[in-house]
Amino acid sequence: MLDIAFSKPALPKAGALVLLIAEGAAPEGLAAQLDTEMEGGLTRALEAASFKGRKGQSVTLWAPVVTVTKLLVVGMGPLAGLDAEKLGGGIYPQVSGETQCTVAADGLSAAQAAAIGMGAALRAYRFDRYRTTEKAEDKPKLDKITVLAADPSGAKAAHAPMKAVAQGVFLTRDLVSEPPNVLFPAEFADRCKELTKLGLEVEVLGPKEMRKLGFGALLGVAQGSINEARMVVMRWNGLSGGKKKAEKPVCFIGKGVTFDTGGISIKPAGGMEDMKWDMAGAGTVTGLMAALAGRKAKCDVVGLIGLVENMPGDNAQRPGDVVTSASGQTIEVINTDAEGRLVLADVIHYAIEKYDPKLMVDLATLTGAIIVALGHEHAGLFSNDEELAARILAAGLATGEAAWRMPLGEAYDKQIKSDIADMKNVGGGRAGGSITAAQFIQRFVQGRPWAHLDIAGTAWSSKDAPIIPKGATAYGVRMLDRLVADHYEG
Ligand code: BES
Ligand code: MN
Ligand code: ZN
């Protein structure tokens with residue numbers, strides 16, 4: 001993890017220096033000091049480059065004074081709408097080849113200085129565990145950024161919880177990036193167990209326990225694979241350090257299909273490798289729990305994940321099978337590739353029976369149809385509760401992890417009626433596929449406040465973004481951390 005330090009404004013003794021200038025503004029503070037040292041050379045350079053401080057604008061000067069190897073002047077745009085995380089994330093690739101870097105944020109608030117560090121750290125993430133031949137010169141050299149702030153101790157304090165959240169994000173990205181031969185259900189559960197060191201209570205259930213609980217829907221998906229299913233329950237009792245108990249906890253539930261071949265309703269070969277990240281819902285819940293524990297959130301939260309591998313083995317479930325879920329409701333499995341909802345059905349039922357949650361949020365890479373509807377810019381949000389939905393949308397806007405509300409209703413629910421069982425696991429046709437999937441899940445929530453995030457389009461990115469290098473995004477960790485912080489702590 002990129003180390004982020006904060007200190008008082010002073011020209012650095014060595015390395016790269018980044019100056020931040022708002023749109024239309026002249027160099028101030030440290031930038032003005034450097035300009036003086038350069039005998040007005042900074043102002044002249046910015047003029048010559050027609051630098052106006054616009055967002056995305058930047059000017060590079062090599063070795064302008066003996067103590068600075070590279071000077072990068074970055075435009076912030078108008079200060080009013082500044083997204084300091086994105087600013088920090090945008091700076092990182094421009095300095096990652098340096099060995100030392102100082103960012104002068106002396107004109108910004110402590111919170112903004114902290115957010116610049118957070119953004120840079122989020123962008124600096126790499127999953128390079130399986131690269132053995134990469135040349136040193138191709139690797140980023142920078143391992144630390146020093147942010148200069150008017151109030152460095154304030155910035156450091158503001159950064160501490162952010163760092164815990166970043167660590168949660170990285171855990172999620174690691175889990176989601178792992179290849180499916182490495183990260184199968186038992187291995188995923190083992191990684192969750194390591195979180196006890198953060199103060200989380202972690203419990204792992206295997207097929208035997210789940211059979212006792214009547215998890216016919218989840219186990220039906222798992223039965224085609226030699227890799228056994230697991231359910232992991234992670235509890236954070238953060239209310240008054242675990243002494244006080246919330247009347248009812250918040251529950252987060254994740255789909256953890258460590259690989260989705262489609263089962264007997266097998267998927268086409270093209271792009272099937274993407275189905276290694278069909279456990280992103282579970283990965284997000286795990287990273288979120290690590291983030292909440294890491295920053296010692298004052299709340300009681302339970303994270304539950306259902307882990308299975310969906311394979312077409314000789315014991316695989318067939319289209320036409322009828323399974324009995326833990327809730328007692330029976331399901332006709334029309335398509336074995338609509339497996340995520342089967343996993344969620346049993347885990348959600350368990351969450352309700354065991355933890356009596358005041359609300360539940362599930363995350364799942366559930367449908368290709370949500371990508372058709374919303375692309376990669378928004379996750380699909382489905383909810384039976386107006387207040388919860390509004391809070392999630394707001395937390396999404398605040399963190400840049402956007403969601404878009406989708407409808408639920410009788411007419412969609414009708415489409416999953418079965419001729420032989422209580423319901424079938426797919427709607428009649430492809431139309432409204434994300435909605436019929438959500439209707440299916442809703443049949444297991446017993447009318448409790450519930451939200452479902454379909455993250456099939458947002459869990460993985462094929463291109464770099466300011467605070468997200470391409471690959472696993474960890475979409476939802478920062479959003480739901482914010483949801484908890486804003487409404488369910490104290
Ligand atoms: N894991 C997939 C959904 C998915 C698709 C996630 C693309 C990420 C990217 C899910 O299990 C699935 O296969 N859904 C089917 C449902 C259909 C059979 C009703 C789909 O979307 O095609
Ligand atoms: Mn599937
Ligand atoms: Zn799936």
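The following exercises, with worked solutions, concern the metal sites and ligand 1 of a predicted model.

Local features in this model need pLDDT of at least 70 and side-chain atom pairs count only at pLDDT 80 or more, whereas totals for chains, interfaces and linings use all residues. Residues are numbered from 1 along each chain as its sequence is written, chains are lettered from A and ligands numbered from 1 in the order in which they are written, and side-chain values use heavy atoms, with hydrogens and water left out.

**Exercise 1. The zinc site**

Determine which protein atoms are donors of the zinc ion (ligand 3), and classify the arrangement.

Step 1. Donors are N, O and S atoms within 2.8 Å of the metal (3.2 Å for Na, K and Ca); water is not among the atoms, so sites may look incomplete.

Step 2. Lys255 (NZ), Asp260 (OD), Asp278 (OD) and Glu339 (OE) are the protein donors, at 2.0 to 2.4 Å from the zinc ion (ligand 3). Along the chain they follow the spacing K-x4-D-x17-D-x60-E.

Step 3. Four donors count as tetrahedral if all angles lie between 85 and 135 degrees; four count as square planar and six as octahedral if opposite donors are over 155 degrees apart and all others between 65 and 115; anything else is irregular. The arrangement around the zinc ion (ligand 3) is octahedral because its six donor atoms subtend angles of 77 to 174°. For comparison, the ideal angles for six octahedral donors are 90 or 180 degrees.

Step 4. Lys255 belongs to strand S9 (residues 250-260) and Glu339 to the loop between strand S12 (330-332) and helix H10 (340-355), so this pair ties together parts that are 84 residues apart in sequence. Helices (H or I, at least four residues) and strands (E, at least two) are DSSP runs, numbered from the N terminus.

**Exercise 2. The manganese site**

State which protein atoms are donors of the manganese ion (ligand 2), and how this ion is placed relative to the zinc ion (ligand 3).

Step 1. The protein donors are Asp260 (OD), Asp337 (O), Asp337 (OD) and Glu339 (OE), at 2.0 to 2.2 Å from the manganese ion (ligand 2). The donor residues have the sequence spacing D-x76-D-x1-E.

Step 2. The site has six donor atoms with angles of 70 to 166° among them, and is irregular.

Step 3. A distance of 3.2 Å separates the manganese ion (ligand 2) from the zinc ion (ligand 3), and Asp260 coordinates both.

Step 4. Buried means under 20% relative accessible area, exposed over 50%, and partly exposed in between (1.4 Å probe, protein chains only). Glu339 is buried because its relative accessibility is 1%, whereas Asp337 is partly exposed because its value is 22%.

**Exercise 3. The surroundings of ligand 1**

Describe the residues around ligand 1 and the polar contacts of Asp260, Lys267 and Asp337 with it.

Step 1. Ligand 1 is surrounded by 17 residues (a heavy atom within 4 Å). The closest are Lys267, Asp278, Asp337, Glu339 and Gly368.

Step 2. The shell comprises six nonpolar, four polar and seven charged residues. Here Ala, Val, Leu, Ile, Met, Phe, Trp, Tyr, Cys and Pro count as nonpolar, Asp, Glu, Lys and Arg as charged, and the others, Gly among them, as polar.

Step 3. A polar contact is a pair of N or O atoms within 3.5 Å; within protein, one must be able to donate a hydrogen and the other to accept it, and residues adjacent in sequence count only if both atoms are side-chain atoms. Oxygen atoms of ligand 1 lie 2.9 Å from a side-chain N or O atom of Asp260, 2.8 Å from a polar side-chain atom of Lys267, and 2.8 Å from a side-chain N or O atom of Asp337.

Step 4. Of the 510 Å² of accessible area that ligand 1 has on its own, the protein covers 77% (Shrake-Rupley method, 1.4 Å probe; for residues, only the protein chains shown count as cover).
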